[in-house]
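Q: Could you take me through one part of this model up close, the second largest pocket, and then set it in the context of the rest of the chain?

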Amino acid sequence: MDMANISGAKCERPGSITESEPSDCGLPKNAKKEGYNFVESFNVAPSTICEFLRVVESEYNARNPYHNATHAADVLQTTHVLLQCGAKKFVSKSLEEYSLLVAAAVHDIQHPGKNNNYQINARTEVALRYNDTAVLENMHVSRLFSHVLGARRNIDIFNGLTEEQYSSVRACIIRTVIDTDMARHFRNMSKLKGYLAEMDGVVDPKEWKGYQNGIAASKVLQFVLHLADISNPAKPAPVFEEWTDRVLEEFFAQGDAEAKENLPISPLCDRKTTSRASSQIGFI
């Protein structure tokens with residue numbers, strides 16, 4: 001529950017937890033470890049959060065080599081580390097942290113194991129529903145609010161929020177999950193470079209030109225989840241190697257399906273031409 005104070009477990013490799021010395025959760029040794037205090041701040045019972053996370057875990061497809069619940073847990077933990085290592089400077093209120101961490105947990109629920117390119121080219125039902133725009137990302141968020149929370153009010157982790165807080169959380173989750181769409185990567189990179197140029201020489205984000213009620217700085221937060229989502233090449237060996245093998249296994253299965261269905265083979269999905277090393281360099 002207090003993500004910054006997890007102890008008694010160490011992640012050796014994806015999907016593997018072993019008992020060990022208290023973990024530093026991936027934080028540098030000199031990092032200040034702080035809890036989030038969400039239970040008291042947002043009037044949510046620990047049992048409700050636990051049950052919510054169990055349901056979210058069940059929403060992931062365990063057959064996917066990569067886009068499964070272990071990936072979600074890894075992205076959630078990485079998002080936490082990024083917050084603790086500096087991203088919290090861009091947080092104007094703890095509700096943004098709450099939203100971002102929930103978004104990390106749910107960002108790939110019901111992922112079918114085939115990406116947006118496949119969905120669009122195969123003209124699947126989900127692609128038609130979301131008009132070929134951030135297809136899976138829209139589906140993930142819709143699934144959260146319409147099925148996970150909508151059908152099970154006993155796991156509504158937002159029940160203690162005011163209407164204004166709920167609207168803010170929903171908007172943040174939608175924005176950050178949709179921005180994990182790789183089709184938005186370079187456009188968002190250009191935006192981020194513009195924000196950094198505007199902040200040149202500014203140490204405190206709250207002194208950022210145009211900072212009003214946290215709006216300007218919070219724009220940076222929407223990139224944190226995307227960074228966590230594609231951070232595998234930055235992980236230590238052997239973790240990054242196993243993630244590489246898992247994602248390529250999933251990509252190649254998609255490429256095989258695309259070839260069989262006479263569809264264009266998506267980037268990184270052709271097992272005959274894709275280089276294992278080169279496929280990861282682009283994410284660094």
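A: **The second largest pocket**

The second largest pocket has a volume of about 720 Å³. Keep in mind that we're looking at a predicted model here. Its lining takes in 31 residues, and the ones nearest the centre are H67, N115, M182, F251 and F283. If you'd rather think in terms of elements, α5 (116-121), α7 (135-148) and α11 (239-260) each give two or more residues to that lining. Chemically, the wall is a mix: 15 of the lining residues are nonpolar, 11 are polar and 5 are charged.

Let's stay with α11 for a moment, since α11 gives the most to the lining, 4 residues. Is its length what you'd expect for a helix with 22 residues? What span should the count give? At 1.5 Å a residue, α11 should span 32 Å, and its end C-alpha atoms do sit 32 Å apart, so the two values agree. Just after α11 comes N262, whose phi is positive, at about 55°.

Now zoom out. The protein has 12 helices and 2 strands. Going from the N terminus, you meet the two strands and then run through helices for the rest of the element order, β-β-α-α-α-α-α-α-α-α-α-α-α-α. Of its 284 residues, 46% count as buried. Take the contacts between residues at least 6 apart in sequence, and 69% of them join residues at least 24 apart.

A228 makes a handy example of such a long reach. This residue belongs to helix α10 (residues 215-229). With a relative accessible area of 0%, A228 is buried, because anything under 20% counts that way. Leaving out residues up to four places away in sequence, A228 touches V75, T78, T79 and L82. V81 makes the sequence gap concrete: A228 and V81 are 147 residues apart along the chain, yet their C-alpha atoms are 9.2 Å apart in space.

Last, a word on the cysteines, in case you plan to set up bonds. The structure holds 0 disulfides. Two cysteines show different degrees of exposure: C172 counts as buried, because its relative accessibility is 9%, whereas C50 counts as partly exposed at 30%.

Conventions. Residues numbered from 1 in each chain as written. Predicted model: local features only at pLDDT ≥ 70, side-chain atom pairs only at ≥ 80, totals over all residues. Heavy atoms only, no water. 1 Å grid on protein atoms, 1.4 Å probe; cavity = no way out; pocket = protein on both sides within 12 Å on 5 of 7 lines; lining within 4 Å. Points joined across faces, edges and corners; volume = space filled by probe spheres on them. Nonpolar A, V, L, I, M, F, W, Y, C, P; charged D, E, K, R; others polar. Expected span 1.5 Å × (residues − 1). Disulfide = S-S within 2.5 Å. Buried < 20%, exposed > 50% of the residue type's maximum accessible area, 1.4 Å probe, protein only. Contact = heavy atoms within 4.5 Å.
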